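Trainee: Please give me a close, connected account of a single part of this model, namely the interface between domain 1 and domain 2.

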Amino acid sequence: MTVRQVQHSGDIRDDVTADFTAAFGGSPQGVWSAPGRVNLIGDHTDYNDGFVLPFAINRRTVVALSPRADSVARVATSFTDEVAEIDLRELTPDAVSGWSAYVLGVAWALGQHGADLEAVPGFDAFVDSTVPVGAGLSSSAALESALAVALNDIWRLGLDARTLARVGQLAENEVVGAPTGILDQSASLLSREDAVLFLDCRSLEAEVIPTGFAEAGLEVLVIDTRVEHAHADGGYRSRREACERGAAALGVPALRDLTVDDLQRAQRLLDDETFRRVRHVVTEDQRVLDTVAALRTEGPLAIGGLLDASHASMRDDFEISVPELDLAVEVAQANGAIGARMTGGGFGGSAIALAPSDAISRIRVAIDGAFAEHGFGQPEMFTVVPSAGALRDR
Ligand code: GLA
């Protein structure tokens with residue numbers, strides 16, 4: 001999607017309220033917001049029914065919204081001049097495209113989860129965001145989740161956060177057309193401050209685990225390589241297919257049903273490439289479990305090696321890294337990070353480095369220098385803190 005990034009100096013909730021009034025007149029009935037996420041560890045495990053460990057970040061998508069007297073839905077945003085408009089009675093997955101597919105896709109997906117789109121009121125919505133687009137920080141899930149909580153409220157649907165995560169995923173899969181799992185929407189809807197979300201993607205059972213980052217003097221630096229990725233096509237889909245092929249050949253419903261002890265058999269039965277895809281997923285599930293155990297017992301200083309091993313597995317076995325991500329990770333590791341890895345779907349986007357607060361500026365300078373030396377475009381870097389999931393702000 002073509003978007004422009006907007007800079008915010010004040011409270012984004014004030015801006016979005018004022019923008020709503022300028023676009024539609026009157027005051028919004030409410031303001032809702034949902035965060036982007038980073039995944040601490042556990043990538044490409046979600047659609048294999050496995051384990052993930054994300055947290056919501058302190059960058060949010062905010063929506064000001066009011067119901068209308070008719071059945072028209074209108075959505076405006078500060079990042080494009082285009083105003084999306086559709087009659088809810090005519091809403092189908094094919095009727096919307098571009099950025100509005102995320103927003104109106106959620107309205108359609110709520111229709112699949114019990115909302116009567118023949119009866120509910122239309123709405124005016126103004127959307128703004130501080131989640132960078134195309135950075136692999138789930139700006140799309142933030143958008144879907146913000147709309148999902150807003151419409152759940154004004155349509156009085158009473159759906160819980162897990163169901164709203166399914167709604168966002170359905171919008172993404174069926175309307176946007178990206179074959180993604182449940183990680184991003186769950187992180188955006190279920191996360192809590194200062195904690196990671198330990199999610200079983202098969203049962204959707206979730207547990208909130210305190211990170212202990214601040215107590216240990218650690219911070220998470222995001223390195224957005226500015227290498228654009230898209231999950232509707234290409235690599236993401238083919239990795240997913242390889243996992244499904246591997247599970248079928250090994251006679252299990254999903255790769256979640258294998259453990260590291262099954263890898264020898266897997267190696268005998270699968271071609272080399274499929275085997276390496278499977279090995280990534282199986283070992284990554286184990287690394288999530290090990291990270292949870294380490295956070296519970298020894299604390300966050302003990303998880304660095306798991307983050308590093310996860311990156312190596314995504315680079316070598318799953319082959320979803322790019323040179324910019326590898327460089328960011330290597331330079332962070334060499335300059336004081338206790339662990340670093342690419343995060344999210346891959347093929348671009350962001351890496352994270354877990355590092356002592358006093359090493360952060362050294363890491364940033366070193367990464368800037370290394371990127372310049374390699375002739376790579378300048379990355380964006382900022383620290384993030386584990387934050388609350390989607391909520392009604394006003
Ligand atoms: C993207 C998808 C998620 C998940 C990650 C990889 O972010 O949207 O569902 O598969 O990639 O862990």
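**The interface between the two domains**

Mentor: The protein chain has eleven helices and twelve strands; these are DSSP runs, helices being H or I of at least four residues and strands E of at least two, numbered from the N terminus. This is a predicted model, in which local features need pLDDT of at least 70 and side-chain atom pairs count only at pLDDT 80 or more, while totals for chains, interfaces and linings use all residues. Residues are numbered from 1 along each chain as its sequence is written, and side-chain values use heavy atoms, with hydrogens and water left out.

The domain assignment gives domain 1 as 12-205 and domain 2 as 209-384, bounds that come from an automatic or database assignment. Taken over C-alpha atoms, the centres of domain 1 and domain 2 are separated by 26 Å. To the contact (heavy atoms within 4.5 Å), domain 1 gives 38 residues and domain 2 gives 51.

The size of an interface is often given as the accessible area lost when the parts come together. Here domain 1 and domain 2 bury about 3,500 Å² between them, with 63% of it on carbon and sulfur atoms; this is the accessible area (1.4 Å probe) that the two parts lose on being put together, summed over both. Of the area that domain 1 buries against domain 2, Leu40, Ile41 and His44 supply 19%, more than any other three residues.

Polar and charged pairs also cross the interface. There are 20 residue pairs in polar contact across the interface, both residues at pLDDT 80 or more. A polar contact is a pair of N or O atoms within 3.5 Å; within protein, one must be able to donate a hydrogen and the other to accept it, and residues adjacent in sequence count only if both atoms are side-chain atoms. On the side of domain 1 that touches domain 2, the elements giving two or more residues are strand 1 (30-41), strand 2 (51-67) and strand 6 (195-200). Strand 2 provides the largest share of that side, seven residues. By class, the same side of domain 1 has 18 nonpolar, twelve polar and eight charged residues, where Ala, Val, Leu, Ile, Met, Phe, Trp, Tyr, Cys and Pro count as nonpolar, Asp, Glu, Lys and Arg as charged, and the others, Gly among them, as polar.

Three salt bridges span the interface of domain 1 and domain 2, each a side-chain nitrogen of Lys or Arg within 4 Å of a carboxyl oxygen of Asp or Glu. Asp200 forms a salt bridge with Arg256, their closest N and O atoms lying 2.9 Å apart.
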